[in-house]
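Subject: Structure handover

Hi,

Here is the structure I promised to pass on, with my notes underneath. Have it open in your viewer while you read, and shout if something looks odd.

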Amino acid sequence: MLQKRMKLMEKNKYLCDGKLLLGIPPIIPSALEGFLPNWIGEFYAYYQWYNNIPSAEVINKVPLDYLKKAYPGLHDLDLELAVKKVS
C-alpha cells in the first residue's frame, strides 16, 4: 500500500516557483493571490453556516465576481458583520 502511494506521489510531482509540490498543478497566472482566496473561503464557509444553506447554493447567492469586487470594503470587517451585510 505504501509503495503504491509513493509511486502515485512520484507521478504527481510538479515544479512550481522553485518549490516542489505534490499533487498540485503549476500555478495558473490568472489564479487569485494573496489573502483574498483565504478570506473568500472563510466568507463562504461562514455564509453557509449563518444562512443554513447547502454549500452548492452559496456560489449562486454570492457570486465570486461580487466577492472579488466587494473584498476591499468587506475584508476589514468582522467576518460575521461582512456576512450579515451581504445576506
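The axes of α2 (residues 36-51) and α4 (residues 64-74) cross at roughly 105 degrees and come within 11 Å of each other. That angle is why the two helices count as roughly perpendicular. Bear in mind throughout that this is a predicted model.

On the α2 side, the residues that meet α4 are Leu-36, Trp-39, Ile-40, Phe-43 and Tyr-44. Their partners in α4 are Leu-64, Leu-67, Lys-68, Tyr-71 and Leu-74. Sorted by class, this contact has nine nonpolar residues, no polar ones and one charged.

Lys-68, one of the α4 residues in that contact, has a relative accessible area of 35%, so it counts as partly exposed. If you want a distance to check, the C-alpha atoms of Lys-68 and Pro-37 are separated by 9.3 Å, with their positions 31 residues apart along the chain.

Now for the other partner of α2. Helix α5 (residues 79-86) packs against α2 at an angle of about 65 degrees, and their axes are 10 Å apart. That makes this pair roughly perpendicular as well. The crossing of α2 with α5 is right-handed.

From α2, the contact with α5 takes in Trp-39, Glu-42, Phe-43, Tyr-46, Tyr-47, Tyr-50 and Asn-51. From α5 come Leu-79, Glu-80, Ala-82, Val-83, Lys-84 and Val-86. By class, the residues here are nine nonpolar, one polar and three charged.

Trp-39 deserves a look of its own. This α2 residue has a relative accessibility of 3%, which is why it counts as buried. Leaving out residues up to four places away in sequence, Trp-39 touches Leu-67, Tyr-71, Leu-74, His-75, Leu-79 and Ala-82. Among these, Leu-67 sits 28 residues from Trp-39 along the chain, and the C-alpha atoms of the two are separated by 9.8 Å. Trp-39 also appears in both helix contacts described above, facing α4 and α5.

On to the rings. How many aromatic pairs does the structure hold? The count is six. One of them is Phe-43 with Tyr-47, a stacked pair at 5.9 Å centre to centre and 25 degrees between the planes. The two are four residues apart in α2, so about one helical turn separates them. Are Phe-43 and Tyr-47 buried or exposed? Both are buried.

There is also an aromatic cluster, made up of Trp-39, Phe-43, Tyr-44, Tyr-47 and Tyr-71. Tyr-71 is on the α4 side of the contact with α2, so colouring the cluster is a handy way to find your bearings.

Finally, the overall layout. The chain has five helices and two strands, and along the sequence they follow the pattern α-β-β-α-α-α-α. Of its 87 residues, 20% count as buried. Among contacts with a separation of 6 or more, 46% are between residues 24 or more positions apart.

That's what I have for now.

Cheers

Terms used. Residues numbered from 1 in each chain as written. Predicted model: local features only at pLDDT ≥ 70, side-chain atom pairs only at ≥ 80, totals over all residues. Heavy atoms only, no water. Phe/Tyr/Trp six-rings, centres within 6.5 Å; stacked < 30°, edge-to-face > 60°. Buried < 20%, exposed > 50% of the residue type's maximum accessible area, 1.4 Å probe, protein only. Axes fitted to C-alpha atoms, helices over the stretch in contact; angles between N-to-C directions. Parallel < 35°, antiparallel > 145°, perpendicular 65-115°, else oblique. Left-handed = near helix turned anticlockwise from the far one by under 90°. Contact = heavy atoms within 4.5 Å. Nonpolar A, V, L, I, M, F, W, Y, C, P; charged D, E, K, R; others polar.
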